[in-house]
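Biologist: I would like a close look at one single part of this model, pitched at someone in their first year. Please start right at that part and then work outwards along the chain.

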Amino acid sequence: MSTVTSSRPVRVVGAVLVMLVLVGVAVAGQLSARLTGDEYTFRVAPVDPIDPFRGAYVELAYPDLQELERWEASDDVDIEGARGELFVTLREEGGVWVADDYTRERPDTGPYLACNDRDWRIRCGIESWFLPQAKAQAAQDAVNAGDSIATVRIDGRGNAALIEVTVP
């Protein structure tokens, strides 16, 4: 009987440690970008303001990262073929950062975003801007008006974290 009672705390501690590791893995990219990343600014546009299951947020699109013509013309990206991990190299243009090229191979130098194109658009982990319910609609209206700028931190591996959105 003492073996059963002494093994139960060990199992509980083991389960808690496994859960902590899983949470750490889930947020590692965002945490790394927030702690070690450099700041970049991007133009943003709205997509969808409210999801009843996720709460109040503004779904952001990054028009300068979603340049379909350049994406389709990229030598390294087969639009009709496999989808998955996609790296977007960046260059500065007019005070904001824009897509320079798209590749399936991780670039040797930066800056670049580690994204995926499994969905109907390129996703880089910076698309959702969560807000208190009282502020969400006003923020959505401001982003809809245009000229909004997102500040994003990007680490050396292309992981990105949305820091803030500035509306005019």
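Modeller: Cys124 counts as buried, because its relative accessibility is 9%; buried means under 20% relative accessible area, exposed over 50% and partly exposed in between, with a 1.4 Å probe and protein chains only. Its partner is Cys115, and a disulfide joins the two, with 2.0 Å from S to S (a disulfide here is a pair of cysteine sulfur atoms within 2.5 Å). Cys115 is buried too, because its relative accessibility is 5%. The torsion about the S-S bond of Cys115 and Cys124 is about 95 degrees, and therefore this disulfide is right-handed. If you search the whole structure, you find one disulfide.

Before we go further, keep in mind that this is a predicted model, where local features need pLDDT of at least 70 and side-chain atom pairs count only at pLDDT 80 or more, while totals for chains, interfaces and linings use all residues. Residues are numbered from 1 along each chain as its sequence is written, and side-chain values use heavy atoms, leaving out hydrogens and water.

Let's step back to the chain around that pair. Of its 168 residues, 36% are buried. The chain has three helices and eight strands (DSSP runs numbered from the N terminus: H or I of at least four residues for helices, E of at least two for strands). Reading along the sequence, you meet them in the pattern α-β-β-α-β-β-β-β-α-β-β. The helix H1 spans residues 2-36, and Leu17 has its place there. Leu17 is a nice contrast to the cysteines: it counts as exposed because its relative accessibility is 51%.

Now follow the strands. S3, residues 85-93, pairs with S4 in the antiparallel sense, over seven bridges (two strands pair if DSSP finds at least two bridges between them). One partnership to find on your screen is Val88, whose bridge partner in S4 is Tyr102. S3 and S4 form a hairpin with two residues between the strands, and Gly94 in this hairpin takes a positive phi near 65 degrees. S4 itself covers residues 96-103 and is mostly covered, with six of its eight residues buried.

The same neighbourhood brings us to charged side chains. The structure holds five salt bridges (a salt bridge is a side-chain nitrogen of Lys or Arg within 4 Å of a carboxyl oxygen of Asp or Glu). Arg91 is a good one to click on. Its side chain meets that of Glu93 in a salt bridge, at 2.4 Å from N to O. Arg91 also forms a salt bridge with Asp100, where the closest N and O atoms are 3.0 Å apart. Together, Arg91, Glu93 and Asp100 are linked in a network of salt bridges. How covered are its members? Arg91 is partly exposed, with a relative accessible area of 26%. Glu93 is partly exposed at 41%, and Asp100 counts as partly exposed at 37% relative accessibility.

Another salt bridge is worth a look. The side chains of Arg153 and Glu39 meet, with 3.0 Å from N to O. Arg153 sits in strand S7 (residues 148-154) and Glu39 in strand S1 (residues 38-51), so this pair ties together parts that are 114 residues apart in sequence. Both ends are partly exposed: Arg153 has a relative accessible area of 25%, and Glu39 has one of 45%.

Finally, stay with S7 for a moment. Five of its seven residues are buried, so S7 is largely enclosed by the rest of the structure. S7 runs antiparallel to strand S8, residues 160-166, and six bridges join the two. To find one of these, pick Ile149 and look for its bridge partner in S8, Thr166. S7 and S8 also form a hairpin, this one with five residues between the strands, and Gly158 in its turn has a positive phi of about 85 degrees.

To come back to where we started, look once more at Cys115 and Cys124, joined by their disulfide. Then set the buried Cys124 beside the exposed Leu17, and you will have both ends of the accessibility scale on your screen.
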